Amino acid sequence: MSGAALGLEIVFVFFLALFLLHRYGDFKKQHRLVIIATLLAWYLCFLIVFILPLDVSTTIYNRCKLAVNSSPAESNGSYVTLAPSKQKCFKPWSYIPDGIMPIFWRVVYWTSQFLTWILLPFMQSYARSGGFSITGKIKTALIENAIYYGTYLLIFGAFLIYVAVNPNFNLQWNQLQTIGIAAANTWGLFLLVLLLGYGLVEIPRSHWNGAKRGYLLMKTYFKAAKLMTEKADAEENLEDVMEEVRKVSESIKYNHPLRKCVDTILKKCPTEYQERMGRNMDDYEDFDERQNSYPSEKSLAKLHKQVIYSVQRHRRTQVQWQILLEQAFYLEDVAKNESSATRQFVHTFHSQEPENKIIQYFYTPTVEWYWECLLRPWFYRVLAVVLATFSVIVVWSECTFFSTKPVLSLFAVFIQLAEKTYNYIYIEMACFLTIFFLSICVYSTVFRIRVFNYYYLASHHQTDAYSLLFSGMLFCRLTPPLCLNFLGLTHMDATISHKNTQPTAYTSIMGSMRVLSFIADGFYIYYPMLVVILCIATYFSLGTRCLNLLGFQQFMGDSEMTSDLIDEGKELIRREKRKRQRQEEGENRRREWKERYGNRDDSTRSRAVHTDQKESSFSETNANRPLSKYTRSNGRTERDRIELLQDAEPLDFNADSVNDDPLESDSGR
C-alpha cells in the first residue's frame, strides 16, 4: 500500500476538478487553453487539500521512528522525543516513502504560483481582448498586464531593500525565496480571513434557512424580479450592440480591407441576427474611401469585445431564467403537496428532460413526498447544527492556536491525543474533515461572489472565460495560506508550536518564516483573530445592509423594497406558469386529436387509395373497349371546351388599379 493512497487521491481529485469545471465551463465553445489552464489551477489546489492529511500522518510516523531510534543523549539534539522511546511505531497504511513528498510539494506549489502570478493574468487579458489576430491579442494582454506586473515588482523590490538595509539579515538565495513565499502568503492570508469569516456563518445559516419552505419560495420570487430586470437589460444591450454591428456591416463592403474583421464579428452574433443582417447586405456595391468614413481596426476590436460580452450575458440570463422558473415551480409544488392526504408527490409540470429509469424506479412519488415534505427539512436542520458546531470550533481555534502551554486549540488537542496512540486513521480523518470544512467555507464564498458582471461563476456551462481564469487565480492564491493556517491550528507548524521537531514536508518547502519575524510572530498569529469580527458582521448582515443602502437590492425580510420585489417576482412566476399551462394544454389537445382521429384518417386515406386504384383499373378496361359508341359525344365536348377558351378574355396585369369589389366588377363587365 506504500504510495497507493497518493496515487488514488491524485486520480480522484483530477476527476473531481474535471466534473466541477464541466458544470461551470463550456468545453465546446470556450478556448482549449482556457479550459486546460483553469483545470490545472483547480486541480492543483484541490490536490493540496486532499494530500496534506497524508503528509501529516507520514510526519508523525517519522517523528516516532526518530524518537524510538534516538538515544537519551540524542534526544536533546535535533529532534525531541514525543512519545516513550520503548513504544513501537506502526507504519500507517497510507505511508509515503521518504523523498517523494518534498518533490511533490515543490512541483505543485511552484506550478500553482506560476499560474496565479504570471500565466493566468496574461490569459485573462488575452481571452477578454477583442483583437482579430493572435499577435494583436498578445499585444493587448501585455499592455494591460504591464501595470499589474509592475506593481508586484515594486512590492517585491521594497522587500529586497528592507532586507538589504537591515544589518541583522544575511541575504541568501533560500532567504530570498522565503521572502517571496511570505509576501504571497501574506496577500493570500489577508483575503483568506475575509472569505472565511463570511463562510463560517453563511454556510450553516443557508442550510438552516433551506429547511424553511416559505423562506426559500420568497427568496426565489425576489431572485426572479431581479433576474427579470437583468434579463431585460441584457436584451436591450444586445439590441444596441447588434445595431452597431449592422451599421458597420453595411458601411464596410465585401472588398474593403477590414471586411474580414467584420465577418469575424458577425460569426460571434446570434444566428437570428446573422440571418437578418445577411438579408440586408448589398455586397455588389464597391466602397469609396473618399465618400464614406470607415471605422478603424481599433474601434472594430472594441466592438468585437462588446459583442462577445453582450452575447455571453444574454445567453446566461436566458438559461438562468429557465432554471429559476423550474425551481420556483418545484417549490410551489412542495408547498401544495405538504397537505396532500395521498402522500404522493404530484408535479404541476412534467420534467422536460428524460429521467433516468433507475432513479425513476427507486425515487417514486411516495418516496419523493416523504423526502421533500417530511425528511428533508429535518435533515437540513441537523446538518446546519453540525456545521454551526464546526464553525464555533474553528473560531475558537483561530483565536487561541498561538497558545502552546496550555494547548487551547481544539484541533491541536484532537491531533495530539491521536498522536499518543498512533491512530493514523483517526489522524487522517480529523485532518481531512478540518481542512475540508475550511476549504468549503473559503471556496464556496469564491463561487458565490459576484463583482457586478465582470466576475461571476454561473453553473450550467454559463461562466465566461474571464471568470474561470479569475477563479483559478483566487484558488492558487488562497490554498497555500489556507494549508499553513490549518497546520497552525493543529500545531504541526514549528513556527506556532515553538518545538524543534521534524516539520512536515509542506512546511519545509515553505521555508522558515523566522526570516521575517514581524510577519511570523505578528501578522500570521494575530490577524486570523479578525475572523471573530467578520463572523459577527456576517451574522447581523452588515454587508447586506450596506449594499442595500447603496442601491444594490439585497434580500432582507424587514425591507419594503424586498417585499415589493417579492410581489413583482410572484406575479412574474404566475404569468410564466399560465403560459406554460396553455402550452401544455395545446399539446394535450393535439395529442388527443391525433389519438382519436389518427386511425380514422389512416383508414380514410387507405380507402381513398383503394378507390383510386379501382378508378385507374376501370379506366384501363374502358380504354381497351371499342370507342365508336362515344366518339361523337366526346368530340362535341372537346369542341365546346375549345370555344369557351376562345371566348375568355385575357386579364390585364398592367392595369393601373385592380378592383376587388365584385359588384363593381359585375357592373364593369
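These entries record what I looked up about one pocket, one surface patch and one helix residue in a predicted model.

I number residues from 1 along each chain as its sequence is written, and I use heavy atoms for side-chain values, with hydrogens and water left out. Because the model is predicted, local features need pLDDT of at least 70 and side-chain atom pairs count only at pLDDT 80 or more, while totals for chains, interfaces and linings use all residues.

**Pocket.** I looked up the second largest pocket (on a 1 Å grid over the protein atoms alone, an open set of points where a 1.4 Å probe fits, with protein on both sides within 12 Å along at least five of seven lines; lining residues have an atom within 4 Å of a point). This second largest pocket holds about 1,200 Å³ of space, and of its 36 lining residues K29, Q30, A127, I308 and A465 are the closest to its centre. I note that α9 gives the largest share of the lining, 10 residues.

**Patch.** I found V451, F452, Y454, L547, L550 and F552 in a nonpolar patch on the surface, with about 610 Å² of accessible area together; patch residues have over 30% relative accessible area and no salt bridge, and nonpolar side chains are joined within 5 Å. A salt bridge here is a side-chain nitrogen of Lys or Arg within 4 Å of a carboxyl oxygen of Asp or Glu. I place Y454 in the loop between β1 (450–451) and β2 (455–456).

**Helix residue.** I located I118 in helix α3, and its C-alpha atom is separated by 8.3 Å from that of Y149, 31 residues apart along the chain.

Conventions
Grid points are joined across faces, edges and corners, and a volume is the space filled by probe spheres set on the points. Helices (H or I, at least four residues) and strands (E, at least two) are DSSP runs, numbered from the N terminus. Patches are made of residues with over 30% relative accessible area and no salt bridge: like charges are joined within 9 Å, nonpolar side chains (Val, Leu, Ile, Met, Phe, Trp, Tyr) within 5 Å. Accessible areas come from the Shrake-Rupley method with a 1.4 Å probe; for residues, only the protein chains shown count as cover.
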